[in-house]
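Student: I would like to learn how to read helix packing, aromatic pairs and backbone angles in a model. Could you take me through them one at a time?

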Amino acid sequence: MEYEEIIQAIQQAAGGVSREAAERAAQATLQTLAERLPRGEARHIQQELPAELKPWIYTETDAGALDIDEFLGRVAVREGTDVETALRHARAVFAALGRALSPEAVGHLAAALPQTYDPLVAEAEFRYLEIMPAGQFWDRVGERLGLGRAEARQVTEAVLETLAERIAAGQVEDLMAQLDPLLHPPLRRGMASATPGARRMSLEDFLRRVAMREGAGAEEAQDEAAQDQAAQDQAAQDQAALFGQVFQHAQAVFATLAEAVSRKEWFDIVVELPEDHRPLMPAGLA
């Protein structure tokens, strides 16, 4: 493909953006891709691209350990935009690469990137990968709880971070491959903070950690209980109300997660959770 054809393909795939925006997206994505790929792989791609694009994919260094969140962050900085827009543009650039490169080159590109890059790689491989946008995910959680997007996002991140503490790291990575990269940060935080003890957390422990991440005062209620009987009774009521609310939050996020990922992925998550977590699962999918 010629340069003009590639830019037009990016414009179309990105939803009709301007030529200038398509060129910025191509440059930002290819320059960042050059920082992520092994040097030999970047050069292999460079050989199949038109002269105008070659400088952007050129590199003299080997691959850096960029996860997809860092990748999109760098693309966003180079474009001067937000991460959500950078994701849309990067997917458009990968779609154009799928048309511009040989099947062999696309195969090498896919093999050089980790599974969490699947939202981008799928575009180059012409695979239909339906990913629920993060905004839609937060809105569905909000609709289930009667919350605005900002509050729903806070709830979602608290539950996802705690879930990532509870399930195996490999399962978290499989989950990220099916979720909008804007939902990845809490999963990465949970995976990074997981301990052997966290893997064995009970439902009560799970809800307590979610509550603390939401900023709720589960521990304060317990501290007040030591004052007198009346305070103890009130604290017990407060804690029960708090856990009831957090339970509903976790249910809403789990129900939305079940809608956002494949049925197989959902059941892979379910089997890692103990029996006492089943009440959190949507009916028919526990």
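Tutor: What follows is a short discussion of a few features of this model. It is a predicted model, in which local features need pLDDT of at least 70 and side-chain atom pairs count only at pLDDT 80 or more, while totals for chains, interfaces and linings use all residues. Residues are numbered from 1 along each chain as its sequence is written, and side-chain values use heavy atoms, with hydrogens and water left out.

Student: At what angle do α5 and α6 pack?

Tutor: Helices here are DSSP runs (H or I, at least four residues), numbered from the N terminus. Axes are lines fitted to C-alpha atoms over the stretch in contact, and angles run from 0 to 180 degrees between N-to-C directions. For α5 and helix α6 (residues 83-100), the angle is about 100 degrees and the axes are 8 Å apart. That makes α5 roughly perpendicular to α6, a term that covers 65 to 115 degrees.

Student: Which residues of α5 and α6 meet?

Tutor: Contact means heavy atoms within 4.5 Å. On the α5 side the residues are Phe71, Leu72, Gly73, Val75, Ala76 and Glu79, and they meet Val83, Ala86, Leu87, His89, Ala90 and Phe94 of α6. The residues of this contact divide into 9 nonpolar, 2 polar and 1 charged, where Ala, Val, Leu, Ile, Met, Phe, Trp, Tyr, Cys and Pro count as nonpolar, Asp, Glu, Lys and Arg as charged, and the others, Gly among them, as polar.

Student: How many aromatic pairs are there?

Tutor: Rings of Phe, Tyr and Trp (its six-membered ring) pair if their centres lie within 6.5 Å, and planes over 60 degrees apart count as edge-to-face. By this rule there are 3 aromatic pairs. One of them joins Phe71 and Tyr117 edge-to-face, at 5.5 Å centre to centre with 75 degrees between the planes. This pair links distant parts of the chain, since Phe71 is in helix α5 (residues 68-79) and Tyr117 in the loop between α7 (103-112) and α8, 46 residues apart.

Student: Are Phe71 and Tyr117 buried or exposed?

Tutor: Buried means under 20% relative accessible area and exposed over 50% (1.4 Å probe, protein chains only); both Phe71 and Tyr117 are buried.

Student: What is unusual to look for in a backbone angle?

Tutor: One thing to look for is the sign of phi: for Phe126 phi is near 55 degrees, a positive value in a residue other than glycine. Phe126 sits in the loop between α8 (118-124) and α9 (134-145), and Phe126 is exposed, with a relative accessible area of 56%.

Technical notes: Helices (H or I, at least four residues) and strands (E, at least two) are DSSP runs, numbered from the N terminus. Rings of Phe, Tyr and Trp (its six-membered ring) pair if their centres lie within 6.5 Å; planes under 30 degrees apart count as stacked, over 60 as edge-to-face and the rest as tilted. Angles under 35 degrees count as roughly parallel, over 145 as roughly antiparallel, 65 to 115 as roughly perpendicular and the rest as oblique.
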